[in-house]
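Work through the following exercises with the sequence and the model side by side. Each task is followed by a solution that proceeds step by step.

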Amino acid sequence: MPKINNACGRLSAILLCLFVFYDYSAYAADAALSGTFTMFKPGASINSKVESVIDRVLSLNKKGKAIPSATELAPILEYMVVADGSSRSPHPEKRSEGVGIFWRQTIDKSFDACLRYFYNPKISSELLYPAAIRRGYLLPDSEVLNLEKPLWAMLGEFAETPRVLRNNEYEEITPDDFSGSYYVYKQNNMMLLFRYKNTPMIMSITWQDGKSETGKKGGFVPPYSNWDFVFTKDEGGTATGLGWMSTYMYASSAITLIFPVDDKTTGYSMFKWLKAGWSGMNVVKRSHILSGADRNFAGMMTVMDNKKGVSAEHLEAINSTAHAYDRASMLKLLEPYSQELARLSKNDDILERDEFQTLLSGGKYIQGLTDDELRSLIKLNMLKRKLGKPVLGG
């Protein structure tokens with residue numbers, strides 16, 4: 001069984017997002033930042049200095065590359081802190097990983113509180129990113145798993161010279177509502193923990209490790225925001241013209257920056273590039289990446305919402321409880337879910353198709369799931385009950 005530790009198993013899903021976050025343009029002149037980070041204004045373009053640092057950061061996955069200091073990273077740090085990140089924002093240059101975006105939001109939680117969600121080995125990815133990740137976990141050689149103390153307890157130790165953590169992760173994402181495909185892939189990750197202008201920051205850089213497995217067909221019971229997904233073993237997509245195609249995520253990379261805006265809010269900024277399609281062609285547009293960011297961040301912020309969300313401690317408890325079940329117990333627990341899923345599927349334009357009905361009829365869907373897939377589904381249903389969302393089968 002794969003490790004459940006996920007201190008950064010959500011490092012690519014965390015790259016996608018929006019919803020209960022405040023629009024950062026409202027914070028562009030925040031007193032905590034405006035007098036300190038002055039290299040750029042909120043609407044500034046991404047100049048050659050920023051692009052140059054982007055190139056250097058993305059090259060860090062190559063052996064022998066020196067890790068830049070916080071001072072050397074200054075152009076990209078200043079830009080990611082100040083730029084507004086709206087849909088009108090300038091975007092970075094195209095790279096070998098495809099077209100790219102810049103995206104920015106602010107979280108209504110303190111920096112250390114956010115780290116208790118983002119980098120907590122007791123919270124698995126599907127609990128924090130229910131709209132984006134079906135299963136995600138860190139591979140055993142990941143350095144973030146062996147910290148001497150929790151990351152949020154190390155903030156006083158951050159210095160201008162970054163501490164480097166190298167990690168590797170497995171990720172299986174949920175089907176999107178554009179192609180109707182879902183993908184499995186591995187990623188390499190580097191985390192830089194440092195302090196810039198007396199502000200603790202975490203920069204996370206990810207590179208997809210080779211192309212993904214062939215995309216497989218997936219669907220969902222509307223609305224998408226209720227996270228009731230169906231995963232088939234059939235290659236292809238559900239969108240018109242994609243049913244027979246062998247599609248892949250060919251490459252992706254991302255640079256994210258997390259930092260305190262003030263004592264109660266946290267900034268989250270991202271550069272991301274993605275190349276996906278078929279026969280070597282990239283069909284990804286910036287609008288696809290941006291809409292995915294908005295949709296997936298909505299799920300995360302539903303979980304983290306101050307009034308209706310779930311505490312980090314309760315997410316830990318859900319994770320622990322789900323891992324105590326054996327297979328027989330999980331199958332019995334999910335019988336009502338499977339039956340209700342089969343019933344509702346007959347009224348959906350996608351799920352009523354033969355390939356889905358063969359899988360779902362008679363409530364047998366769950367019988368074909370692995371123990372890990374069953375466990376992820378149980379976690380999701382437990383989370384939904386805590387959030388007050390409807391759970392199929394009660």
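A residue is called buried when its relative accessible area is under 20%, exposed when that area is over 50%, and partly exposed in between, with a 1.4 Å probe and protein chains only. Helices (H or I, at least four residues) and strands (E, at least two) are DSSP runs, numbered from the N terminus. The model is a predicted one, in which local features need pLDDT of at least 70 and side-chain atom pairs count only at pLDDT 80 or more, while totals for chains, interfaces and linings use all residues. Residues are numbered from 1 along each chain as its sequence is written, and side-chain values use heavy atoms, with hydrogens and water left out.

**Exercise 1. Overall content and burial**

Task: State how many helices and strands the protein has, and find what percentage of its residues is buried.

Solution: Begin with the inventory, which gives 10 helices and 10 strands. Then turn to accessibility: of the 394 residues in the protein, 59% are buried. Finally, take contacts, meaning heavy atoms within 4.5 Å, and keep those with a separation of 6 or more; residues 24 or more positions apart account for 75% of them.

**Exercise 2. An enclosed helix**

Task: Determine how many residues of helix α3 (residues 74-82) are buried.

Solution: Nine of the nine residues of α3 are buried, so this helix is largely enclosed by the rest of the structure. The buried residues include A74, P75, I76 and L77, and E78 is also one of them.

**Exercise 3. The sheet of three strands**

Task: Establish the strand order of the open sheet that contains β7, and decide which strands form its edges.

Solution: Two strands pair if DSSP finds at least two bridges between them. Strand β4 (residues 181-182) is joined to β7 by two bridges in the antiparallel sense, with Y182 opposite K216. On β7's pairing with strand β8 (residues 229-235), four bridges are found, again antiparallel; G219 has V230 as its bridge partner, and G218 stands opposite F231. The order of this open sheet is therefore β4-β7-β8, and its edge strands are β4 and β8, each of which pairs on one side only. As for β7 (residues 216-220), four of its five residues are buried, which leaves the strand mostly covered.

**Exercise 4. The sheet of seven strands**

Task: Give the order of the open sheet of seven strands, and examine the pairings of β3 within the sheet.

Solution: The order is β1-β10-β9-β6-β5-β3-β2, with antiparallel pairing. The edges are β1 (99-107) and β2, each pairing on one side only, and the twist from one strand to the next averages 20°. Strand β3 (residues 163-173) is mostly covered, with eight of its 11 residues buried. Five bridges join β3 to the antiparallel strand β2 (residues 133-138), and G136 stands opposite E171 there. With strand β5 (residues 184-196), β3 pairs over 10 bridges in the antiparallel sense, and N168 faces N188 as its opposite residue. Elsewhere in the sheet, β6 (residues 199-208) and β9 (residues 247-260) pair antiparallel over six bridges, with I258 as the bridge partner of I202.

**Exercise 5. Two helices packed on α10**

Task: Describe how α8 and α7 pack against α10, giving angle and axis distance.

Solution: Axes are lines fitted to C-alpha atoms, for helices over the stretch in contact, and angles run from 0 to 180 degrees between N-to-C directions. Helix α8 (residues 327-345) meets α10 (residues 371-387) at an angle of about 50°, and their axes are 10 Å apart. That makes α8 oblique to α10, given that angles under 35 degrees count as roughly parallel, over 145 as roughly antiparallel, 65 to 115 as roughly perpendicular and the rest as oblique. The contact involves R327, M330, L331, L333, L334 and Y337 of α8 together with D371, L374, R375, L377, I378 and N381 of α10. By class, these are eight nonpolar, one polar and three charged residues, where Ala, Val, Leu, Ile, Met, Phe, Trp, Tyr, Cys and Pro count as nonpolar, Asp, Glu, Lys and Arg as charged, and the others, Gly among them, as polar.

For helix α7 (residues 312-322), the axis comes within 9 Å of that of α10 and crosses it at roughly 140°. The contact of α7 with α10 divides into six nonpolar, three polar and three charged residues.
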